[in-house]
Amino acid sequence: MSIRSERKEEHLKLAQMFFNKQKYNSFDQLHLLRPALPETKVDTQILGVEMFKKRVSAPFFINAMTGGSQKSKAVNKALGHVAAKENIAFALGSASILAKEKNQLDSFYVAREEDPDGVLMVNVNPETPIDATKLIIHELKADALQTHLNTVQEIAMPEGDRNFLWLDHIKEMREQIDIPIIIKEVGFGLDAATIHTLKNIGIQYFDIAGSGGTNFAQIENARNSRDVSYLEDIGLPTVVSALMAKKEDVNFIVSGGVRNPLDVLKGLALGGQYVGISNVFLQEYNQNGTEGLEKLISAWKNELAGLIAVYGQSSLASLPQIKKYYDLPLKSQIDQLL
């Protein structure tokens, strides 16, 4: 197994070790005003939404996690099966390894085999050669491309990159890639200035991936001979990052610390088109297999539909109209940064 593949397997192991389903984050400081008399009814049909020209059954999806090793292959096969069964989108983990290790393609392709007609997003780093990226998109029949920005993770990673001159390559991607490109953080949050810069070069989709969920500085620190734990707390809270994206008037996905259907509702109420969930779904699969994950996702759909009714709404489009209020620490951050 190559060093890159070993790293992929270490990431899976450490993500499980550090997983905390009850981890406190900025969603806990955001509150939605609920009418006692909502005059609504529960209807799961309202959850259906179009995503990259395909119809899915819910506005939440399985977000990027893994690929590029034998264990990753088994995980992607299972997640692809669940995505097909529940008709929700699935974003693969970084496929940049394929630029140098083409033999790892099967660890990603199994997801498309399991879900031949569903929404599948592929993921690469911003330095992946354009030709390699095009090949990945073609081989996996991808509906969209996630390009991740992970400077904090790279700095924490013992063998990480130290060159973050990425903008020109992202421009080239935008000019040569003919499917939607989503710029994605990896748990430290997209800031307004970055969103603005990328919006101005034609990027139309963003996955804010704020802090509050999987912490890749923590994961890389566990692999590091030096203590770089001071990097673990420099992320931008998911709620703040979402409000920045909203202010920039871009299409955005809310992810980073989503733990339950109420967090999904809050992400949609903040203006997110979709909500991405990674580690909660991964660990449910680890504990209870594909059947357990299918049951969880099905339950989330029912519970989300129930919450929408409880909060007096009857469509996804109306959710941003829900009145919001914030605990003072989060309100202070919002006031200072927006």
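In which strand does Met121 lie? In this predicted model, Met121 belongs to strand S6, which spans residues 120–124. The relative accessibility of Met121 is 0%, so the residue counts as buried. Its surroundings are drawn from several parts of the chain. Beyond its neighbours within four places in sequence, Met121 contacts Met51, Phe52, Phe61, Ala89, Phe90, Ala91, Leu92, Ala144, Gln146 and Ile182. One of these pairs was examined by distance. Met121 and Phe90 are separated by 31 residues in sequence, yet their C-alpha atoms are 6.3 Å apart.

Phe52, a contact of Met121, has an unusual backbone setting to report. Phe52 is not a glycine, but its phi is positive, at about 50 degrees. The residue sits in the loop between strand S2 (49–51) and strand S3 (54–56). Its relative accessible area is 12%; because the cut-off for buried is under 20%, Phe52 is classed as buried. A positive phi of about 50 degrees also occurs at Lys141, again not a glycine. Lys141 is placed in the loop between H4 and S7. Here the side chain's setting is exposed, with a relative accessible area of 53%.

Lys141 leads to Arg112, since the two residues touch. Arg112 is part of helix H3, residues 106–114. Is Arg112 buried or exposed? At 4% relative accessibility, Arg112 counts as buried. Outside the residues up to four places away in sequence, Arg112 touches Lys54, Asp117, Gly118, Leu120, Leu140, Lys141, Ala142 and Asp143. Ala142 is 30 residues from Arg112 along the chain, with a C-alpha separation of 8.7 Å.

Lys54, another contact of Arg112, lies in strand S3. Lys54 has 24% relative accessibility and therefore counts as partly exposed. With neighbours within four places in sequence set aside, its contacts are Val49, Arg112, Asp117, Gly118, Val119 and Asp143. Asp117 is 63 residues from Lys54 in sequence, and the C-alpha atoms of the pair are 8.8 Å apart. Asp117, Gly118 and Asp143 appear in the contacts of Lys54 and also in those of Arg112.

Strand S6 returns in the packing of helix H6. Within H6 (residues 167–176), the buried residues include His169, Ile170 and Met173. They span an arc of only 100 degrees around the axis, and therefore lie on the same side of H6. This fits a general property of helices. An α-helix has 3.6 residues a turn, so residues three or four places apart point the same way. The partners of the buried residues of H6 are S6, helix H4 (130–140), strand S7 (144–149), strand S8 (181–185) and helix H7 (192–200). The face of H6 turned away from this buried side carries Asp168 and Glu175, both exposed.

The nonpolar interior was examined next. Its largest core has 92 residues, and Phe60 and Phe281 have the most contacts inside it. Which helix gives the most to this core? Helix H11, residues 279–310, does so with eleven residues. Phe281 contacts Phe60, Phe61, Ile62, Leu293, Leu296, Ile297 and Trp300, leaving aside neighbours within four places in sequence. Another core, of seven residues, lies apart from the largest one. Its members include Ala156, Val186, Phe188 and Ala217.

A helix pair was also examined. Helix H9 (residues 238–247) packs with helix H12 (residues 328–337) at an angle of about 35 degrees. Their axes are 10 Å apart. The crossing of H9 past H12 is right-handed. H9 contributes Val239, Val240, Leu243 and Met244 to the contact, while H12 contributes Leu330, Gln333, Ile334 and Leu337. Of the residues in this contact, seven are nonpolar, one is polar and none is charged.

Terms used. Residues numbered from 1 in each chain as written. Predicted model: local features only at pLDDT ≥ 70, side-chain atom pairs only at ≥ 80, totals over all residues. Heavy atoms only, no water. Axes fitted to C-alpha atoms, helices over the stretch in contact; angles between N-to-C directions. Helix = DSSP H or I, 4+ residues; strand = E, 2+ residues; numbered from the N terminus. Left-handed = near helix turned anticlockwise from the far one by under 90°. Contact = heavy atoms within 4.5 Å. Nonpolar A, V, L, I, M, F, W, Y, C, P; charged D, E, K, R; others polar. Core = buried A, V, L, I, M, F, W, Y, C linked by side-chain atoms within 4.5 Å. Buried < 20%, exposed > 50% of the residue type's maximum accessible area, 1.4 Å probe, protein only. Arc of directions from axis to C-beta.
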